[in-house]
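Me: Please take a close look at a single part of this structure, the strand pairing and its surroundings, and then follow the packing into the neighbouring parts of the chain. A connected, formal account would be welcome.

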Amino acid sequence: VIRKILIAKVVDESLNPIVELQDMKKTYDGKNLERYHLTISDGVDTMKAILSSQFAERVDQGIIRPQIVIMIRKYMVNEIPNQIGADGVLKKMMIILDVEVLGEVTSIQHGAYSSAEMKTESPNFKINPSSGPYGNSMGSPSPYGINSISSSATTPMAQPAAQGYTPHTAYQPQHQAGVRGGYGGGNGAVGGYGEAVNPGYTGQSNNRPVVRDQNDAGIVPISALNPYSNRWTIKARITSKSEARNFTNAKGDSILFSVDLLDSVGGEIRGTFFGHAAHAKHYTTLEINKVYTWSGGRLKVANKKFSTLNNEYEITFDEKSDVNECANDESIAVMSFNFTKLGDVQLKSKDEIVDVIGIIKSFTEIQSFMSAKLGKEVYKRELYLVDDTNTECRLTLWGERAQADYDHSVGRVYAFKRLLVDEYNGKCLKASSSTLAIDSPDVPEGYAMNEWFTSVGRDLDKIKAVSLSSAGMGQVRENNIFKRHYLSAVRDGGVGHGEKGEYLNFKVTVQFLKHDTEPWYTACKKCNKKVASDTLGAIVPTCEKCQTEYTEPNLRYILNATLSDDTGSYYFTFFDDQANMLLGKTANELSSFKTDSDDALYEEVFNNALFQQYIVHTRAKYELIKDEQRLKCTVVSAQPVDYVNESEQLIQAIEKYANM
């Protein structure tokens, strides 16, 4: 059967060769990615093969291993460049895309060969076990090309029999259990809930040829794509499409855009079109949610800086690539999700990719500022999500997503795909370039979330925030007396040595507020950058960063304060939002008291703020200040002590210790 495969000019879709897996070696490519190289035998000839990466788990479990009999249900054959066989033609290698384990190779009994018969496409095929590299092997195979066709042409092709192997649990690739029209417990898809993605697949084994849809002949799953294969066709739906972006490299000016693709078994991959010709040919014709066949692309290792899909590869397309629209295929989901509860976000690592579903509790107004890196104005907005884990989490949106209309979104269910976990004022979420948002998704998780919010979720007192407002006005993260620190930890220098510093909660009393000099600076109203002064001390009327012109100063606080607790005191810095809350006056209002020479009122503002108690969430980090490492402590957020809540926590703590 190997001879038949090698001679054929095209893959025979009806052929399901049964072979022995004689040898298997793990190798690594130039990107240090695992590959499994196999030697397979049909009892007469041997052939080299590569196992699709989707079966790596089965290899690790020992299910796929040397000296077993396998049925290859789907495969491709590629020529190996610059390697000429004994027959004078290029050698070939098989890419195994779908395989079923049938059993173990039979053993030798008393030196005699035992034969077997199996039902397959060659009823006369016989496999004779003999000594091989792993003990017993089928026949006395040799690499194809060493035995001439004439010498073996008279050899009857035969089949291994049922007595020739030990039955083994059949293996089929683990397709994602998606549903059309739902998110199905994290593996579902949008479209119409309740019908399996692959309704014809039962998970049971049989020895009959696989029946394939003739319209999908030659289609391979996305999970089977690899750099060793350059002749493939996939059938996939566009789930996301980026805007076209101009760029310049050593070859000159060019343009690119990307699409995210999803196939019927849940495989995802990003494809990027490069060049003006590719843009002109494909950009306007490719539409989100439509199904296409794709071929003529090149596989390369994915750049995770730009792609957040769960695939180690991505495809590069150009104007020669072949893309054809198909009729809508309902077995291909509109989108697949793997939801993470908001309560579990704090367990995730920074930059980890997650999908979430929740209720929008609130949102901020759009903020705009000039980006020095991008050289243009960018937009930002924050959403606050809650879910049935009684958890609130902040989500930051950028660009067009931030400009979307959220005026009527409070209390509505939203699903978000491909968000990034961030660490800023606690664990939070941020949108990536490939993030997708779905309003009121028609899925089981959406119905359950809406029911939760309607019945109990509106009781916001039970909601715990895992991230704070970037403005610092949110609740202090984990306001729990058991998770607070004492200022002695700061004073003794045991914190803040990490690269990103440490976030700590304290219960403190305001002991001193420094205001002998003005505790503010003049800032641009748009970007908040400090405004420059001329040689005479007059304010320059145009911001150097964003070029905004202004006639009136905009003052923002930088207020230094001494905070104390039972173990000591330490110096902390309050920035504008936190200082506004602490003093009850804006910097512009406080400055007007000095302008009007109302020193008594000016001093009263500071005196009223002294000896008040707060729960503060702070950041401690060692920084190089005047060639010396010093611990700098900044108040990220603060809230007055809630004495009722504090008393309840103290009572619980006393009861806990009393029962120890």
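Reply:

**Strand pairing and packing**

Val356 stands opposite Phe416 in β22. The model examined here is predicted. The facing residues belong to a pairing in which strand β18 (residues 353-363) and β22 run in the antiparallel sense over 6 bridges. β22 also pairs with strand β23 (residues 427-439), again in the antiparallel sense, and here over 9 bridges. Within that second pairing, Leu419 has Ala431 in β23 as its bridge partner. Strand β22 (residues 413-423) is mostly covered, with 10 of its 11 residues buried. In a regular strand, side chains alternate between the two faces of the sheet.

The loop between β23 and α6 (444-457) contains Ser440. Most residues other than glycine have a negative phi. Ser440, although not a glycine, has a positive phi of about 45 degrees. Its relative accessible area is 37%, so Ser440 counts as partly exposed.

The packing may next be followed into the core. The largest nonpolar core comprises 34 residues, and those with the most contacts inside it are Phe506, Leu513, Leu559, Leu563, Phe574, Leu583 and Leu590. Among the elements that give two or more residues to this core are the strands β25 (502-513), β27 (554-565) and β28 (568-575), together with the helices α8 (576-583), α9 (587-595) and α10 (599-609). Strands β29 (613-625) and β30 (628-640) also belong to that list. Leaving aside residues up to four places away in sequence, Phe506 touches His485, Tyr486, Leu487, Val490, Phe572, Tyr614, Ile615, Val616 and Thr618.

Helix α9 can be described in further detail. Its buried residues are Ala587, Leu590, Ser591 and Phe593. Viewed down the axis of α9, these buried residues fall within an arc of 150 degrees, and therefore they line one face of the helix. An α-helix has 3.6 residues a turn, so residues three or four places apart point the same way. The buried residues of α9 pack against β26 (520-523), β27, α8 and α10. On the same helix, the charged end of Lys594 sits over the ring of Tyr602, 5.3 Å from its centre. Just after α9, Ser597 takes a positive phi of about 55 degrees.

A further positive phi, of about 65 degrees, occurs at Phe611, which is not a glycine. Phe611 lies in the loop between α10 and β29. This residue is exposed, with a relative accessible area of 58%.

Aromatic contacts complete the account. The count of aromatic pairs comes to 13. In one of them, the rings of Phe273 and Phe317 have their centres 4.8 Å apart and their planes at 25 degrees, so the pair is stacked. Phe273 lies in strand β13 (residues 268-274) and Phe317 in strand β16 (residues 313-317), so the pair ties together parts that are 44 residues apart in sequence. Both Phe273 and Phe317 are buried. These two residues form one aromatic cluster with Phe257, Tyr283, Tyr292 and Trp294. One member of the cluster, Tyr283, has the charged end of Lys241 over its ring, 4.2 Å from the ring centre.

Terms used:
Residues numbered from 1 in each chain as written. Predicted model: local features only at pLDDT ≥ 70, side-chain atom pairs only at ≥ 80, totals over all residues. Heavy atoms only, no water. Core = buried A, V, L, I, M, F, W, Y, C linked by side-chain atoms within 4.5 Å. Buried < 20%, exposed > 50% of the residue type's maximum accessible area, 1.4 Å probe, protein only. Helix = DSSP H or I, 4+ residues; strand = E, 2+ residues; numbered from the N terminus. Contact = heavy atoms within 4.5 Å. Arc of directions from axis to C-beta. Phe/Tyr/Trp six-rings, centres within 6.5 Å; stacked < 30°, edge-to-face > 60°. Lys NZ or Arg CZ within 6 Å of the ring centre and 35° of its normal. Pairing = 2+ DSSP bridges.
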